[in-house]
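Please examine the structure shown below with attention to its aromatic rings and its cysteines. The paragraphs that follow take these topics in turn.

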Amino acid sequence: MTMNFLNPVTTQTWTNGRHLVRCVKVIQETWDVRTFCFMAEQPVMFFFKPGQFVTLELEIDGEQVMRSYTISSSPSVPYSFSITVKRVPGGRVSNWLHDNLRVNDELAVHGPVGNFNCIDYPAEKILMLSGGVGITPLMSMARWFFDTNSLVDIEFVHSARSPKDVIFHRELEHIFSRIPEFKLHIICERSDELGEAWAGFRGYLSQAMLELMAPDFMDREIFCCGPTPYMNAVKNLLRQNGFDMSHYHEESFGETPADVQEEALEHAEQAEAEAEELDIADMYSVEFASTGKSVRIQPGETVHTAAAKLGLHIPKACGMGICGTCRVPLTAGQVDMEHNGGITDEDVAEGYILSCCSKPLGDVVVDY
């Protein structure tokens with residue numbers, strides 16, 4: 001690498017879209033968690049909002065697989081970004097990454113996107129609640145606040161299975177040892193295995209614990225991420241106390257849930273039956289300008305469905321307007337787009353849509 005890397009003329013800024021990156025470092029965080037660090041071959045400053053995520057485009061056993069992961073690094077270190085992945089029993093993608101992704105391997109990423117971030121919800125007092133590998137977006141936020149010397153009062157509460165499962169433990173202690181306004185609390189579900197010593201909180205997060213760690217939790221902006229049962233327990237605790245949930249934020253994305261997939265299949269079968277009875281005059285034309293192909297679809301079907309009917313593959317990961325992978329430019333017509341944070345207001349203003357959740361309101365043209 002030469003000093004040309006720092007040349008501001010050739011350095012680009014990261015924008016939502018598809019980018020080729022190279023793995024430059026693999027860090028073993030705990031016995032079953034690894035951090036993968038990436039850089040671009042052509043210098044790119046990876047600016048994003050702490051808490052956002054990217055979608056990896058992988059090829060596993062000859063099949064294209066898309067999976068979203070939170071960025072665990074901070075944009076205050078802009079020439080690279082990292083994701084932190086826990087090996088999950090039976091987890092196809094997480095296990096593949098642990099077993100196969102090595103330094104110098106290249107892959108494509110889509111993003112960054114996500115409404116779960118600390119930039120859009122500024123506050124002087126923050127409570128961060130994380131469980132397991134759900135610590136990753138909150139670690140990005142904590143690193144950002146630390147590196148930028150932010151005047152923010154932070155209570156960071158992390159729950160882990162045991163002392164050996166505390167991700168980023170040393171770095172967290174370093175951060176919170178240097179700034180009085182940052183306070184760290186770690187809860188271990190169990191600590192009596194293999195003779196592990198633990199002097200901190202034990203068990204599961206409870207109201208009694210929360211009152212000891214952050215007695216003013218009702219006055220704080222809350223960011224939460226962890227397994228679904230963990231986040232549900234947190235929400236129930238807050239609601240029982242009358243917390244204003246407009247100040248509660250959680251991360252939620254991943255594989256398309258099985259019930260959503262099943263419902264989608266049922267809808268597809270129903271749509272096929274209804275299409276046979278539908279007058280072609282009532283259908284909308286979807287044209288894909290780059291390929292010159294077009295198809296007519298019935299009201300309520302998505303742009304992504306139209307592409308699939310033509311054999312066009314628009315990459316997608318979540319199918320619910322969360323990951324932003326299926327973003328395409330809309331050059332003519334209007335759509336009803338019901339997304340879940342996978343596209344920015346700036347992208348919408350520039351004419352982009354998410355094909356998986358955009359339903360034409362008439363004839364449309366897409367640049368794909």
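The model is predicted, and its aromatic side chains offer a starting point. How many aromatic pairs does the structure hold? There are five aromatic pairs. One of them joins Phe156 and Phe176, whose ring centres are 5.8 Å apart with 75 degrees between the planes; the arrangement is edge-to-face. Phe156 belongs to strand 10 (residues 153-160) and Phe176 to helix 3 (residues 169-178), so this contact ties together parts separated by 20 residues in sequence. Phe156 has 0% relative accessibility and therefore counts as buried. Phe176, at 11% relative accessibility, also counts as buried.

Elsewhere, ring pairs link Phe38, Phe46 and Phe81 into a cluster.

Aromatic faces also receive arginine side chains. Arg143 is placed over the face of Phe168, 4.9 Å from the ring centre. Likewise, Arg327 lies over the face of Tyr352, at a distance of 3.9 Å from the ring centre.

Turning to the cysteines, how many disulfides does the model contain? The count is zero. For Cys225, the nearest cysteine sulfur belongs to Cys224 and is 7.1 Å away. Cys225 itself counts as buried, with 5% relative accessibility. Why is Cys326 not bonded to Cys356? The sulfur of Cys326 has that of Cys356 as its closest cysteine sulfur, but the separation is 3.7 Å, which is too far for a bond, because a disulfide requires sulfur atoms within 2.5 Å. Cys326 counts as buried, at 3% relative accessibility.

Conventions:
Residues are numbered from 1 along each chain as its sequence is written. This is a predicted model: local features need pLDDT of at least 70, side-chain atom pairs count only at pLDDT 80 or more; totals for chains, interfaces and linings use all residues. Side-chain values use heavy atoms; hydrogens and water are left out. Rings of Phe, Tyr and Trp (its six-membered ring) pair if their centres lie within 6.5 Å; planes under 30 degrees apart count as stacked, over 60 as edge-to-face and the rest as tilted. Helices (H or I, at least four residues) and strands (E, at least two) are DSSP runs, numbered from the N terminus. Buried means under 20% relative accessible area, exposed over 50%, partly exposed in between (1.4 Å probe, protein chains only). A charge sits over a ring if NZ of Lys or CZ of Arg is within 6 Å of the ring centre and within 35 degrees of the ring normal.
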